[in-house]
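Got your viewer open? Let's take a walk through the empty spaces of this protein, one selection at a time.

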Amino acid sequence: MTRSKKRILIVAATTLLFLPVAARADIVFDPTNFVEAVLEVADDVEMVDQLYQEVTNGVAMVKSWNFTQLPGLLQNMNVWQQVFGQAGTIYTSTDPGNSLNSQYPSDPTSYASMTDASYQSMQSGWDQEERNVLIENRTVQNQTYLNLQPTAQRIQSYVEHSNSASGATAAMQAGNEEVATLVAQIQTLQAQEITDARAEVERNAREQAEQAYADQQRQAVRGDWSNPQQPTGSMVHAFPMANQ
């Protein structure tokens with residue numbers, strides 16, 4: 001509300017003070033409080049007008065912001081979900097210990113009654129799992145590399161649009177998109193760390209399993225030598241890994 005409107009309200013309130021007594025019969029009020037209330041209402045109306053104008057300007061600024069790269073950014077972020085989703089329940093298991101122990105037995109007694117064919121089949125499974133981890137790791141690395149140049153270009157575009165923004169709202173929008181890009185980069189680093197850690201865990205688990213099998217074989221050989229009644233032909237399969 002403009003100052004002229006304020007003056008009209010004040011004049012109207014003052015005029016009421018000089019009305020004939022008959023006209024103001026049975027009306028009891030405090031003139032001072034009344035004038036103050038009129039002024040407060042005028043101030044409130046003016047504040048609402050200002051807020052309305054600010055909101056209108058903000059909406060206009062947002063509408064004029066015709067530059068955004070968030071859809072492409074979100075699409076890139078979904079790549080990691082797809083990559084890790086192909087691994088099945090590996091990343092969703094709260095306790096992967098049972099799965100690892102089943103796939104890579106680390107107790108020598110687990111191989112006591114295992115045949116050479118069964119062990120070779122288990123090794124084939126380990127080879128395939130190692131290949132899956134390498135594919136996942138390479139996929140993450142490739143995607144990270146492909147995003148390097150687009151990310152640099154995206155940041156440069158954000159800075160240029162932020163510097164040329166027509167108002168505070170548009171500049172804030174540019175800042176929001178910059179933050180989204182940084183979050184995507186952090187997610188990329190997390191994805192790389194996750195797949196690197198999986199590769200290390202799988203490698204260590206396989207080494208433990210192979211060591212456990214070798215320990216069991218050595219125990220079996222010592223048992224064969226200590227028992228002269230057992231046919232020596234049973235030693236032919238004592239070291240199946242030597243043929244690999």
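Start with the residue classes around the largest cavity: its lining has 4 nonpolar, 6 polar and 1 charged residues. Keep in mind as you click around that this is a predicted model.

**Stop one: the cavity**

How many cavities of 30 Å³ or more does a search of the whole structure find? The search turns up 1. The largest cavity has a volume of about 60 Å³.

To see what surrounds that space, select Leu-73, Asn-76, Met-77 and Trp-80, then add Asn-147, Thr-151 and Arg-154. Finish the selection with Ala-184, Gln-185, Gln-187 and Thr-188, and you have the lining of the largest cavity on screen.

Now colour the helices behind those side chains. α3 (70-85), α5 (116-163) and α6 (168-226) each bring at least two residues to the lining of the largest cavity.

**Stop two: the pocket**

Next, head for the largest pocket, which holds about 300 Å³ of space. Of the 14 residues lining this pocket, pick out the ones closest to its centre: Ile-90, Pro-96, Leu-100, Arg-198 and Glu-202.

Which helices each supply at least two residues of the lining of the largest pocket? Select α4 (97-103) and α6, and you have them. The largest share of the pocket's lining, 5 residues, comes from α6.

Before you leave, try colouring the pocket by residue class: its lining has 7 nonpolar, 4 polar and 3 charged residues.

**Last look**

Leave α6 highlighted as you zoom out. This helix supplies at least two lining residues to the largest cavity, and it also gives 5 residues to the lining of the largest pocket.

Note on methods: Residues numbered from 1 in each chain as written. Predicted model: local features only at pLDDT ≥ 70, side-chain atom pairs only at ≥ 80, totals over all residues. Heavy atoms only, no water. 1 Å grid on protein atoms, 1.4 Å probe; cavity = no way out; pocket = protein on both sides within 12 Å on 5 of 7 lines; lining within 4 Å. Points joined across faces, edges and corners; volume = space filled by probe spheres on them. Helix = DSSP H or I, 4+ residues; strand = E, 2+ residues; numbered from the N terminus. Nonpolar A, V, L, I, M, F, W, Y, C, P; charged D, E, K, R; others polar.
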